[in-house]
Amino acid sequence: MMEARPAVDDAALGHEALAVLEANWTGTGTVPAPGLYPHQWSWDSAFVVIGLARHRPDRAREELLNLLRGQWATGMVPHIVFHTREAYFPGPSVWRSQEHDAAPRVLTSGLISPPLQGLALWWLYRHTGDVAFVRKAFPALVAQHDYLASARDLGGAGLAAIVHPWESGMDDSPAWDDALAALPVIRYGYRNVDMEERHPDSAHDRYVWLAMRYRDAGYSAGYLRDEHPFAIEDPMFNGIWLASCQALAELAPLARADPVPHAEQAERIRLALIERLWDGGFYARDLRTDRLIKVCTVGGFGPLLDPWLPGEHVRTAVEVLESARFMGATGYPVPSCEIRAAQFDRTRYWRGPSWVNTNWLLRRAAAVHSLDTLARQLTHGTLRLVRQAGFRECFDPFDGSGRGCRDFSWSAALTLDLLA
Ligand code: 2M8
């Protein structure tokens with residue numbers, strides 16, 4: 001049911017968003033939400049940097065630097081940096097980062113998340129003109145991209161593979177169902193969240209098992225290549241990486257670095273996305289079966305972030321996005337799974353609900369392709385969601401009611417950007 005909220009004008013909404021971000025700031029980073037997610041998450045943090053770029057550039061800079069304190073000597077930027085003492089499962093005792101020579105002093109997870117930091121740094125520069133900060137953060141992001149190119153190109157074609165659903169940022173997306181179902185049945189009974197809103201079969205035990213296998217293999221790249229049972233080339237992850245490579249290519253001269261390797265990397269990703277993940281739309285490829293995963297999710301629109309994606313691919317993908325399979329059928333943008341899929345579920349997390357961060361990414365994609373009407377629809381539809389239901393974690397795409405936790409940082413941060 002839609003929650004009644006008093007009408008808020010833009011200024012009041014902006015103040016509320018800043019207040020949420022202030023409350024979620026721990027002194028060493030912004031938590032995604034109080035209670036449920038009490039540490040610093042990598043792509044959440046990049047969205048916070050983007051949202052704060054205009055309003056609190058000082059805080060945005062601190063946010064990014066604090067996240068990068070968690071970077072490993074391999075260049076890996078972990079998906080969680082544990083700055084606080086609050087309990088979360090799986091916490092430091094599961095990841096055991098401190099036992100690894102490459103890990104920093106601050107405790108972290110051993111997985112990654114969509115590498116949005118390059119785009120976030122570019123966004124910050126665009127709104128502040130702060131060249132000194134670009135110089136400071138740039139080398140860490142080059143190392144992050146080198147890690148992806150060397151340790152994660154498991155398919156050998158220029159794309160980075162995710163080795164865990166958590167790495168996609170869209171944990172319980174139906175795109176991972178078959179790959180998870182192929183794993184042994186595990187019954188640990190670990191739970192950190194309300195499973196009612198998550199994966200129907202409680203794949204959570206398999207998530208933990210996969211993470212522990214990788215940990216027990218010493219977080220080794222060779223193990224990922226040769227043995228790890230979950231390896232997927234995801235179009236959203238790689239679309240974001242491509243956008244970050246382009247961002248680094250543009251920022252490189254400011255950092256007195258060569259732009260060419262970053263532009264070439266972006267080109268390699270574009271060619272591989274088209275060659276390996278396109279089949280009338282972008283789909284994830286399971287490297288263990290060497291098959292495309294033919295379920296259409298919001299992740300399939302990630303490559304639209306590329307301004308140089310060929311026109312025919314842009315047109316076809318946008319047609320699907322605007323059709324009754326996605327935006328054309330729901331009152332609010334953009335369901336996380338196509339609504340006619342058997343797996344679509346408007347109540348479960350990344351299996352149907354709309355999210356502010358993917359709406360924002362698609363609005364960015366619409367902007368880079370000068371699709372002004374689409375960009376406006378995404379902006380207004382997303383603002384309508386938060387105006388009506390507040391800064392919730394996600395939303396029912398049909399009636400706009402809020403789901404998941406409240407006071408969610410990226411919903412607040414990206415609202416600030418959408419209001420600008
Ligand atoms: C969700 O992921 C965490 C695990 O990392 C979880 O399910 O507990 C996802 O929505 C992910 O994209 C997000 O980064 C994280 C924190 O907001 O929550």
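# Strands, helices and one buried glutamine

Ile-162 stands opposite Ile-232 in E5. This is a predicted model, where local features need pLDDT of at least 70, side-chain atom pairs count only at pLDDT 80 or more, and totals for chains, interfaces and linings use all residues. Residues are numbered from 1 along each chain as its sequence is written.

Reader: Which strands stand at the edges of the open sheet, each with a single partner strand?

Author: Strands (E, at least two residues) are DSSP runs, as are helices (H or I, at least four), numbered from the N terminus. Two strands pair if DSSP finds at least two bridges between them. The open sheet has 4 strands in the order E4-E5-E6-E7, with antiparallel pairing. One side of each edge strand has no neighbour in the sheet, because each has a single partner: these are E4 (161-162) and E7 (291-293).

Reader: Is Gln-265 buried or exposed?

Author: Gln-265 is found in helix H12 (residues 260-277). A residue is buried if 20 or more other C-beta atoms, placed from the backbone, lie within 10 Å of its own, exposed if 12 or fewer, and partly exposed in between. Gln-265 has 22 C-beta neighbours inside 10 Å, so it counts as buried.

Reader: Which residues does Gln-265 touch, not counting residues up to four places away in sequence?

Author: Contact requires C-beta atoms, placed from the backbone, to lie within 7 Å. Leu-242 is 23 residues from Gln-265 in sequence, and their C-alpha atoms are 7.6 Å apart. Leaving out residues up to four places away in sequence, Gln-265 touches His-145, Ala-149 and Cys-245.

Notes: Contact = placed C-beta atoms within 7 Å.
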